[in-house]
Amino acid sequence: MLGPLTMDVWNHTNEPNFILMGLTDSKEIQLLLSLLFIFIYMFTVLGNIGMMLIIRLDVQLHTPMYFFLTHLSFLDLSYSTVITPKTLQNLLTSIKNISFMGCFIQLYLFVLLAAAECFILSSMAYDRYVAICNPLHYPVIMSTSRSHALITVSYMIGAMDSSVTVFCLSTLNFCNSKVIHHFFCDTFPILALSCSDTYDAEVTIFILAGSTLLLSLITISSSYVSILSTILKINSSSGKHKAFSTCASHLLGVTVFYGTMIFTYLKPSKSYSLGKDQVASVFYTIVIPMLNPLIYSLRNKEVKNAVIRVVKKKEGTQKLK
């Protein structure tokens, strides 16, 4: 699935490795970043696992919206784990090399998970559209089978995107340099190393990434246009507030995620800027997976009430013992 690496790659390097230059050469900044990233990663793991457990343990959260949120937490946890441990190794040790196979596996998993997240966010927007615009038909439209189908399609599109991206890159020759000026194996920094003509690969990847982002954004945008139209027709201010509050967390999460993705990927590789793009990459690979549990819990009364119910249930069980 990853595609064979061309012989030129192996012939022009003494060992089959790329070198990840990381974020900075300053030892002081490396130490500061490593401490910050360790804290963020621990919070990401605890926050996303905690979110999945709360949804699993509280029966009232066994709805399509929280089914999607479970998978969103799983994706955030997964692609943070794909990136952060290797970044910490790079910051804390002198080991900066990554094998060709390891690099392409990291890229494959990252693209798969990020693309799947785009369509899970779209599914969540569609779920909110049905809940607000067609509440009487909600149980029928958002059935268990449809929810599972939307999740399956999301992962399938992610797998297709990552397979095509990695195949395009694996057919290039990397004979000039094996130094990746980035902290993980991302598309543009790898393209920059190739001594082959990258035009076809760039166009294919750009169309693929653009289609994924635009298709999911169109779904989200059209859902929220309909939602906004319905909310404006509600007479009472309390009804408007209640309807909007069900979408606020998701809308904030979408804005943060898509903002950094579009800034980073919907542009030619020649406009890649080491400083700006690395900051954006840190944000969506390391920071956003930590923010999502906060966005969907602190701004969500249902989740906060679910936490209280689970804690009280546990305390009641302990008293009975």
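Helices (H or I, at least four residues) and strands (E, at least two residues) are DSSP runs, numbered from the N terminus. The model is predicted, so local features need pLDDT of at least 70 and side-chain atom pairs count only at pLDDT 80 or more, while totals for chains, interfaces and linings use all residues. Residues are numbered from 1 along each chain as its sequence is written, and side-chain values use heavy atoms, with hydrogens and water left out.

**Figure 1. Overview of the chain, with 11 helices and 3 strands.** From the N terminus, the elements follow the order α-β-α-α-β-α-α-α-β-α-α-α-α-α. Among the 321 residues of the chain, 48% count as buried (under 20% relative accessible area; exposed is over 50%, partly exposed in between, with a 1.4 Å probe and protein chains only). Taking contacts (heavy atoms within 4.5 Å) with a separation of 6 or more, 79% join residues 24 or more positions apart.

**Figure 2. The largest pocket, with a volume of about 810 Å³.** On a 1 Å grid over the protein atoms alone, a pocket is an open set of points with protein on both sides within 12 Å along at least five of seven lines, and lining residues have an atom within 4 Å of a point. The volume is the space filled by probe spheres set on the points, which are joined across faces, edges and corners. The lining has 28 residues, and those closest to the pocket centre are R128, K242, S245, T246 and E302. Two or more lining residues come from each of helix 3 (64–92), helix 4 (100–133), helix 9 (237–265), helix 10 (274–298) and helix 11 (301–320). The most is given by helix 9, with 9 residues. Sorted by class, the lining holds 11 nonpolar, 10 polar and 7 charged residues; nonpolar covers Ala, Val, Leu, Ile, Met, Phe, Trp, Tyr, Cys and Pro, charged covers Asp, Glu, Lys and Arg, and the others, Gly among them, are polar.

**Figure 3. The disulfide of C103 and C185.** A search of the whole structure gives 1 disulfide, defined as a pair of cysteine sulfur atoms within 2.5 Å. The sulfur atoms of C103 and C185 are 2.0 Å apart, and the link is left-handed, at -125 degrees about the S-S bond. C103 is in helix 4, whereas C185 is in the loop between strand 3 (179–180) and helix 7 (187–191), so the disulfide ties together parts that are 82 residues apart in sequence. C103 and C185 are both buried.

**Figure 4. C133 and C247, two cysteines without a bond between them.** C133 takes part in no disulfide. Its nearest cysteine sulfur belongs to C247, 8.6 Å away, and that spacing is too far for a bond. C247 is buried, at a relative accessible area of 1%.

**Figure 5. The open sheet of 3 strands, in the order 2-1-3.** Its pairing is mixed, where two strands count as paired if DSSP finds at least two bridges between them. Strand 2 (97–99) and strand 3 are at the edges, each with a single partner strand, so one side of each has no neighbour in the sheet. Strand 1 (residues 17–20) runs parallel to strand 3, joined by 2 bridges; here I19 stands opposite V179. Strand 1 pairs with strand 2 in the antiparallel sense over 3 bridges, and N17 has S99 of strand 2 as its bridge partner.

**Figure 6. The surroundings of S34, in helix 2 (residues 27–57).** S34 counts as buried, at 0% relative accessibility. Leaving aside residues up to four places away in sequence, S34 touches L88, L91 and L92.

**Figure 7. The surroundings of L251, in helix 9.** L251 is partly exposed, with a relative accessible area of 30%. When residues up to four places away in sequence are not counted, L251 touches Y224 and F244. From L251 to A125 the distance is 8.4 Å, C-alpha to C-alpha, although the two are 126 residues apart in sequence.

Definitions and conventions
1 Å grid on protein atoms, 1.4 Å probe; cavity = no way out; pocket = protein on both sides within 12 Å on 5 of 7 lines; lining within 4 Å.
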